[in-house]
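Subject: A structure for you to look at

Hi there,

I'm passing this structure on to you, together with some notes on what I found in it. Have a look around first, and then read on.

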Amino acid sequence: MEQEMKSKTEKPSLIGMFWSPGEQFDRIRQNPKIWVPLILVSVLYAIGMYLMTLSMDASYLGLDGMSEEEAAMVMAFSKITVAITGILTPVFVVLISSAIYMIFTKIAGSDVTFKQLFSMNTHIMIIGAAGLLLNMILRAAIGGNPEIFITSLAGLMNSDKPGVLGSIEVFSIWQSILTAIGLHRVAGLSKGWAWGIAIVFFLIGIGFAILGAMFSNTMGV
């Protein structure tokens with residue numbers, strides 16, 4: 001009873017997601033918070049994407065045939081687009097994933113609310129933000145393709161393109177594990193349902209990576 005009352009009054013912590021995610025999920029179920037965590041995560045993603053632009057050059061964007069002025073214009077436009085993408089990415093990812101999870105949790109008979117799922121997914125994205133920042137700092141330091149995370153199998157095997165290996169990445173797997181724990185603690189799903197949904201979504205991500213690699217090979221990119 002005392003622990004339940006404590007969870008109702010204490011706010012979930014983004015930093016706490018790294019070492020006590022279960023406790024944070026209990027707080028999210030009792031006291032879901034959205035705006036401040038979402039703003040902080042969006043800022044971190046924007047910084048990470050800005051760092052990505054530092055690793056982008058004319059050869060990376062395939063602008064070798066352009067004049068110096070044309071390449072500079074395209075580079076500037078691309079960097080602004082990437083930075084804006086970084087700000088908007090957390091909002092769209094959290095919104096879409098929460099809507100999809102809402103459907104599955106209702107099928108499973110859960111009484112979880114959309115606000116609870118939105119707060120859960122926002123807090124889980126701090127792991128992805130940390131991964132993006134770490135990888136872009138390393139890329140800015142040592143160079144290489146910024147699309148390939150060093151913490152992925154593609155980075156470990158020194159691949160030229162991210163492809164399927166790029167989707168098998170430490171922070172992505174970490175997020176999938178937290179999603180399973182979150183669906184169990186926040187939505188009250190059974191462990192079978194929670195892990196099943198998290199694994200299916202991880203496999204769907206790999207499926208999209210396979211399709212992307214096949215499309216790139218077909219187009220000769």
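Let me start with a puzzle: which side chain is joined to that of Arg 185 by a polar contact of 2.6 Å? Keep it in mind while I set the scene, and please remember that this is a predicted model.

**The whole chain**

The chain has 221 residues, and buried residues make up 39% of them. It contains nine helices and zero strands, so the pattern along the sequence is written α-α-α-α-α-α-α-α-α. If you take the contacts with a separation of 6 or more, 60% of them are accounted for by residues 24 or more positions apart.

**Helix α8**

A good place to begin is α8, which covers residues 170–185. You can check its length yourself: with 16 residues at 1.5 Å a residue, the helix should span 22 Å, and its end C-alpha atoms are 23 Å apart, which agrees. At the N-terminal end, Glu 169 acts as a cap, with a side-chain oxygen 3.0 Å from the backbone nitrogen of Phe 171. Phe 171 is also one of the buried residues of α8, a list that goes on with Gln 175, Ser 176, Leu 178, Thr 179, Ala 180, Gly 182 and Leu 183. When you look at the spacing in such a list, it helps to know that an α-helix has 3.6 residues a turn, so residues three or four places apart point the same way.

**Back to the puzzle**

Now find Arg 185, which lies in α8. The answer to the puzzle is Asp 26: the polar contact of 2.6 Å joins its side chain to that of Arg 185. Arg 185 is partly exposed, because its relative accessible area is 33%, and partly exposed covers the values between 20% and 50%. Setting aside neighbours within four places in sequence, Arg 185 is in contact with Gly 22, Glu 23, Phe 25, Asp 26 and Arg 29. Take Glu 23 from that group: Arg 185 and Glu 23 are 162 residues apart in sequence, yet their C-alpha atoms are 9.2 Å apart in space.

**How α8 packs against α2 and α5**

Two packed helices are described by the angle between their axes and the distance between the axes. For α2 and α8, the angle is about 40° and the axes are 9 Å apart. The two helices are therefore oblique to each other, and the crossing is right-handed. On the α2 side, the residues that meet α8 are Pro 21, Gly 22, Glu 23, Phe 25, Asp 26 and Arg 29; their partners in α8 are Leu 178, Ile 181, Gly 182 and Arg 185.

While you are in α2 (residues 21–30), look at Arg 27 too. Is Arg 27 buried or exposed? It counts as buried, because its relative accessibility is 11% and the cut-off for buried is under 20%. A polar atom of the Arg 27 side chain lies 3.2 Å from the backbone oxygen of Lys 11.

Helix α5 (residues 114–142) also packs against α8: their axes come within 10 Å and cross at roughly 165°. That makes α5 roughly antiparallel to α8, and here too α5 passes α8 in a right-handed crossing. Among the α5 residues that meet α8 are Leu 117, Met 120, Ile 124 and Leu 134, while the α8 side includes Phe 171, Trp 174 and Leu 178.

**α3 and α4**

Further along your tour, the axes of α3 (residues 35–54) and α4 come within 8 Å and cross at roughly 155°. That makes α3 roughly antiparallel to α4, and the crossing is right-handed. The meeting residues include Leu 38, Val 41 and Tyr 45 in α3, and Val 82, Ile 87 and Pro 90 in α4. Also in α4 (residues 68–107) is Ala 72, which is partly exposed with a relative accessible area of 46%. Ala 72 and Asp 57 are 15 residues apart in sequence and 9.5 Å apart in space, C-alpha to C-alpha.

**One last residue**

Where is Asn 158? Look in the loop between α6 (153–156) and α7 (163–167). Asn 158 counts as exposed, at 66% relative accessibility. Its phi is near 60°, a positive value in a residue other than glycine. For background, most residues other than glycine have a negative phi.

Enjoy exploring!

How values were computed: Residues are numbered from 1 along each chain as its sequence is written. This is a predicted model: local features need pLDDT of at least 70, side-chain atom pairs count only at pLDDT 80 or more; totals for chains, interfaces and linings use all residues. Side-chain values use heavy atoms; hydrogens and water are left out. Helices (H or I, at least four residues) and strands (E, at least two) are DSSP runs, numbered from the N terminus. The expected span of a helix is 1.5 Å times one less than its number of residues. Buried means under 20% relative accessible area, exposed over 50%, partly exposed in between (1.4 Å probe, protein chains only). A polar contact is a pair of N or O atoms within 3.5 Å; within protein, one must be able to donate a hydrogen and the other to accept it, and residues adjacent in sequence count only if both atoms are side-chain atoms. Axes are lines fitted to C-alpha atoms, for helices over the stretch in contact, and angles run from 0 to 180 degrees between N-to-C directions. Angles under 35 degrees count as roughly parallel, over 145 as roughly antiparallel, 65 to 115 as roughly perpendicular and the rest as oblique. A crossing is left-handed if the near helix is turned anticlockwise from the far one by less than a right angle, and right-handed if clockwise. Contact means heavy atoms within 4.5 Å.
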